[in-house]
Every structure is written in C-alpha cells, then in structure tokens.
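Student: Before I lean on any detail of this complex, I would like to go through the reasoning with you, asking at each step what a given term rests on.

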Amino acid sequence: MADNYGIKISLPGNNTSTASASQLSFDSSYDTFKLKLSNINTLFNVVTVFFANEPPTPVNPTTVNLYKIAHGYNYQPFILVLGIDSSYSGFSAMSTSAPSVMVNGYGYGGSYFYLSATENTAFQIYADATYFYINLFTDNSKFLTFRGNYYTFKYYIFSENGF
Amino acid sequence: MAQVNSTSQQNYGIKIAQLGYDARTAADQNLLFSSSWPLLKIAYTDSVSVPANSTYTYAHNFGFPPFHFGPTDDNNSPLTLLQTKVDSTNLYIINGNATAQTARFYLCYNPLNINFQALDNQNYQLYTAQPYDKNYGIKIVKQNKNINSTDLRDFTVHSGTRSLMIEGIVSGILANEPILPGGNFNTVFYQSKLPYPSLYFGFWSPDGITYNFLSGFGQSGPKMARGTAYTIKYTETMWILPKLNTPSQTGCIYVFKDPFIAANPIQVSYSG
C-alpha cells in the first residue's frame with residue numbers, strides 16, 4: 001500500500017512523518033483485525049461448558065460437539081481463543097497455572113487445547129466457512145473424567161481470513 | 001529495552017465515539033477508536049503450504065522482530081508439528097510433520113523489543129450489539145476497493161468494528177534459574193490493571209534475536225503463565241517462564257485492552 005495514502009497518528013512527542021513503528025498509534029497503510037459490532041454477541045463471547053454427564057465411551061478417534069454457532073461470514077474467518085484459567089465469574093476452568101491461547105485453531109500440541117497429553121484428550125476449537133465449533137476430542141480409548149467440571153473459553157471471530 | 005510512554009495521551013490524538021456518545025466526554029468503553037491505544041498493524045498475511053520437514057521463509061526486512069500470528073506448538077520441541085518464529089529480517093514456519101501442512105500467518109508492523117504502557121483505567125467494557133449507521137464514524141478503504149463495499153476485509157479501519165488495542169508491551173531478559181509455581185518468578189512479568197482476564201500473547205527468544213510465538217502451555221518451559229492468585233478485579237499477573245539451562249533468553253508479552261467483558265456469556269450444559 002502506498003506510503004502517501006490514508007492517515008497516520010503518532011504517540012505523543014513523535015513526528016508522524018518520521019515516527020518509527022513503535023511510535024505510531026495508527027497507520028492506515030496497514031490492515032487491522034476487525035470485530036464486527038453489529039454481530040458482536042456472536043463474534044465475541046465467553047462460553048462456559050459444564051459437564052452434567054460424562055461423554056460417551058470414545059471409539060478412536062472421537063469428537064463430541066459441545067458448542068456450535070453460525071458466524072455469518074461465507075469464508076473461514078481468523079479466530080483467537082483464550083482458555084481461561086483460575087476463576088471467571090465463579091467458574092473454575094482449564095488449569096490453575098497454564099492457560100493457552102489458540103490462534104486459528106492452533107494451540108498446544110497442534111490444533112487442540114490439550115487437557116492431558118498422556119490421555120490425548122483435548123478441546124478442538126476452530127471455524128469453517130459457516131460455523132465456529134468447540135469440540136471435545138480424544139484418540140484414546142477413554143476420556144478423562146468430566147462430570148461436574150466447568151471449562152471456559154473466550155473467543156474472537158474476526159473479519160480477516162483464517163485460511 | 002526502549003520504552004514508549006503515553007502518559008499524556010488523554011488529550012492527544014483522535015477518538016471516535018459510539019453512536020450516541022460525545023467523543024469529548026465518552027468513557028473509554030464507549031469509544032470505537034482511541035489513539036491512546038495502538039492497534040496491531042497487519043503488514044502482510046498469506047496462506048502457505050509448507051512441505052514435509054521443511055521451513056517456509058518470508059523476508060519482511062522490518063529491522064526488528066515483529067509481532068506475528070502463526071501456527072504454534074510447544075516450544076520444547078520446535079520441530080514437532082508446526083512452529084512459527086521471526087527475527088529482524090524473516091518469518092519462518094517450521095513444519096516437522098511427515099506431510100505438507102497449510103497454514104496462514106499474520107505479520108504485524110509492531111516490534112517485540114520495545115516496551116509500551118497505555119494509560120490504565122479500570123472501566124469495565126460490557127458490550128452489546130451496536131446499531132450501525134453508515135453515515136456515522138469513519139471508514140478507510142484499501143486501495144482499489146470500493147468505499148461502499150460490505151466486505152469488511154476491504155477496509156483498513158471501519159467504525160462498524162473494533163480492533164485489538166494494545167494495553168502494554170513488556171520485554172526483557174529472562175533469568176536462567178529453576179522456575180516453579182510459587183517459586184522465584186524472576187522473569188518477564190506484567191501486571192495488568194484491566195478488570196477482566198485480558199487477551200495476551202507471549203514470545204520467547206533463546207538468544208534475543210529469534211522470537212518464538214508461545215502457545216502458553218509448554219510443559220517444562222518456556223511458557224506463558226498467569227498468576228494463580230489473580231482475581232477477577234483489576235489485578236492480573238503474567239509471566240514468561242524461561243527454558244531451563246538456556247542462557248541469553250529474552251521474552252516479550254503483549255497485553256490487549258480488548259477483549260471486553262461479554263455482555264451475554266454463554267453457558268452450555270453437556271448432558272450426553
């Protein structure tokens with residue numbers, strides 16, 4: 001994009017004509033990640049999953065859908081997901097000290113939030129061209145014990161391309 | 001590390017208020033945009049196929065290690081699955097798989113080695129769907145795109161949207177000593193004053209030159225961690241824990257003012 005097009009805003013004390021990358025608050029030469037406000041409750045939210053019962057005994061591999069919502073775009077959007085640790089609004093969640101961020105479906109160990117590497121049990125969170133999904137996944141012969149547990153995720157679905 | 005201050009920012013720059021609010025008096029959560037909080041500046045993005053056991057390289061030539069998004073794995077084994085890293089010249093996506101992998105990356109014109117702190121405030125940011133008036137706010141369309149487009153990808157900024165706003169950047173040397181929960185966290189450390197679990201990203205460098213994006217969940221370091229004793233209000237601590245027995249390590253934490261607190265959080269009960 002051309003350098004002489006659009007607007008620049010520098011941080012205090014810096015000349016927009018000469019400011020370095022860190023001294024510019026905004027520069028329209030560059031794109032930004034955008035959350036669409038008119039659909040914000042779909043595109044940004046906090047989902048807490050409570051397991052009232054255990055998932056079925058898995059047949060390797062098994063995916064159990066926990067949450068699914070149509071995002072309104074006709075392409076795979078860029079997503080960020082934060083696995084929230086400790087407590088959020090009174091809920092306990094993933095782990096006490098090691099939460100994860102997931103970018104475009106990639107998190108710890110690949111495309112998953114792993115709960116147990118030894119048990120190969122994970123949350124698989126991603127978007128296709130229509131829906132955003134939170135799934136439980138295992139390629140082991142059993143799931144961990146889930147009944148009574150809460151898991152909380154904060155997610156963002158941006159208008160930028162995911163894949 | 002260099003430091004960019006923004007202590008006098010309230011009366012400087014531009015603000016765009018939500019429909020129905022006066023930009024001169026609106027609280028931060030009612031602003032669509034405020035130059036007090038820098039945005040991530042997307043310089044380049046692409047979706048690439050990386051052959052098996054190969055490294056994809058993109059030359060950005062920024063002259064500093066930039067913020068980036070890309071596929072990431074536990075940094076204990078950088079050649080396992082997919083790992084993204086940068087230095088001052090290039091971005092790399094390493095594919096340790098036996099098959100080709102396709103991944104999208106985003107490269108931002110935001111340095112990892114310069115600190116920043118926005119003016120803190122402790123406003124909650126409850127958020128609900130906003131009415132959109134096409135005759136209100138600002139839009140900046142990309143070159144060769146139509147200002148009347150309904151595809152948000154055609155705009156660099158659009159007041160019908162919100163972007164991630166940078167609250168703080170902290171980078172520095174990581175201590176090379178045993179780190180355990182409850183032990184001596186002599187590492188890169190950030191204490192947020194935001195009143196909610198904020199979005200953050202961590203980067204780890206073994207040498208101060210090449211930075212790895214951290215998933216936040218490495219088993220034995222390096223990894224991101226949040227304070228185990230943080231409370232929902234006002235104080236949250238974040239660390240990057242070093243990888244043991246690796247000298248000259250550097251870490252960087254980016255913390256974002258967004259997200260907002262979701263106005264209508266969703267509760268799902270799985271009953272089988």
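Tutor: Let us start with confidence, since this is a predicted model. Over residues 85-98 of chain A the pLDDT stays under 50, although the model has 41 contacts beyond four places in sequence for that stretch.

Student: What makes you cautious about a stretch for which the model has contacts?

Tutor: The caution comes from a general point: where pLDDT is low, the predicted coordinates should not be read in detail. Within chain A, confidence is lowest in strand β8 (residues 91-92), at a mean of 30, and highest in strand β5 (residues 62-70), at 93. The chain as a whole has a mean pLDDT of 79, and 79% of its residues reach 70 or more.

Student: Which parts of chain B call for the same care, with pLDDT under 50?

Tutor: Residues 1-9 of chain B stay under 50, with 27 contacts beyond four places in sequence, and residues 177-186 of chain B also stay under 50, with 16 such contacts. Among the elements of chain B, strand β1 (residues 2-4) has the lowest mean pLDDT, 48, whereas strand β5 (residues 54-59) has the highest, 96. For chain B the mean is 76, and 68% of its residues reach 70 or more. For the complex, the predictor gives an ipTM of 0.86 and a pTM of 0.86.

Student: Why is the sheet that contains β9(A) and β21(B) called open?

Tutor: Its five strands follow the order β9(A)-β6(A)-β13(A)-β4(A)-β21(B), with mixed pairing. The strands at its edges, β9 (101-103) of chain A and β21 (266-270) of chain B, each pair on one side only. From one strand to the next, the twist averages 20°.

Student: How do you know that β6(A) and β13(A) count as paired?

Tutor: Pairing requires at least two bridges between two strands. Strand β6 (residues 77-83) and strand β13 (residues 150-161) of chain A are joined by six bridges in the antiparallel sense, and therefore they qualify under that cut-off. One bridge can be located by its residues, since A:Gly83 has A:Phe153 as its partner in β13(A).

Student: A:Tyr156 also lies in strand β13 of chain A; what makes it buried rather than exposed?

Tutor: Buried means under 20% relative accessible area; A:Tyr156 has 1%, so it is buried. In chain A, 60% of the 163 residues count as buried.

Student: What makes β7 of chain B a mostly covered strand?

Tutor: Five of the five residues in β7 (residues 82-86) of chain B are buried. In a regular strand the side chains alternate between the two faces of the sheet. In β7(B), B:Leu82, B:Thr84 and B:Val86 lie on one side and B:Gln83 and B:Lys85 on the other, and all are buried, which leaves both faces covered.

Student: Which strands does β7(B) pair with, and how many bridges are there?

Tutor: With strand β8 (residues 90-95) of chain B there are five antiparallel bridges, and a hairpin of three residues joins the two strands. With strand β17 (residues 211-214) of chain B there are two bridges, again antiparallel. B:Val86 takes part in both pairings, having B:Leu91 as its bridge partner in β8(B) and standing opposite B:Tyr211 in β17(B).

Student: The whole structure holds 40 aromatic pairs; why is the pair of B:Phe69 and B:Phe201 called edge-to-face?

Tutor: Two rings pair if their centres lie within 6.5 Å, and planes over 60 degrees apart count as edge-to-face. For B:Phe69 and B:Phe201 the centres are 5.0 Å apart and the planes at 75°, in keeping with the name edge-to-face. B:Phe69 lies in strand β6 (residues 66-69) and B:Phe201 in strand β16 (residues 200-205) of chain B, so the pair ties together parts 132 residues apart in sequence. B:Phe69 is buried, at a relative accessible area of 1%, and B:Phe201 is buried at 0%.

Student: Why, then, is the pair of B:Tyr254 and B:Phe256 called tilted?

Tutor: Planes under 30 degrees apart would count as stacked, and those between the two limits are tilted. Here the planes stand at 35°, with centres 6.3 Å apart, so the pair is tilted. Both B:Tyr254 and B:Phe256 are buried.

Key: Residues numbered from 1 in each chain as written. Chains lettered and ligands numbered in written order. Predicted model: local features only at pLDDT ≥ 70, side-chain atom pairs only at ≥ 80, totals over all residues. Heavy atoms only, no water. Helix = DSSP H or I, 4+ residues; strand = E, 2+ residues; numbered from the N terminus. Axes fitted to C-alpha atoms, helices over the stretch in contact; angles between N-to-C directions. Phe/Tyr/Trp six-rings, centres within 6.5 Å; stacked < 30°, edge-to-face > 60°. Buried < 20%, exposed > 50% of the residue type's maximum accessible area, 1.4 Å probe, protein only. pLDDT = per-residue confidence, 0-100. Contact = heavy atoms within 4.5 Å.
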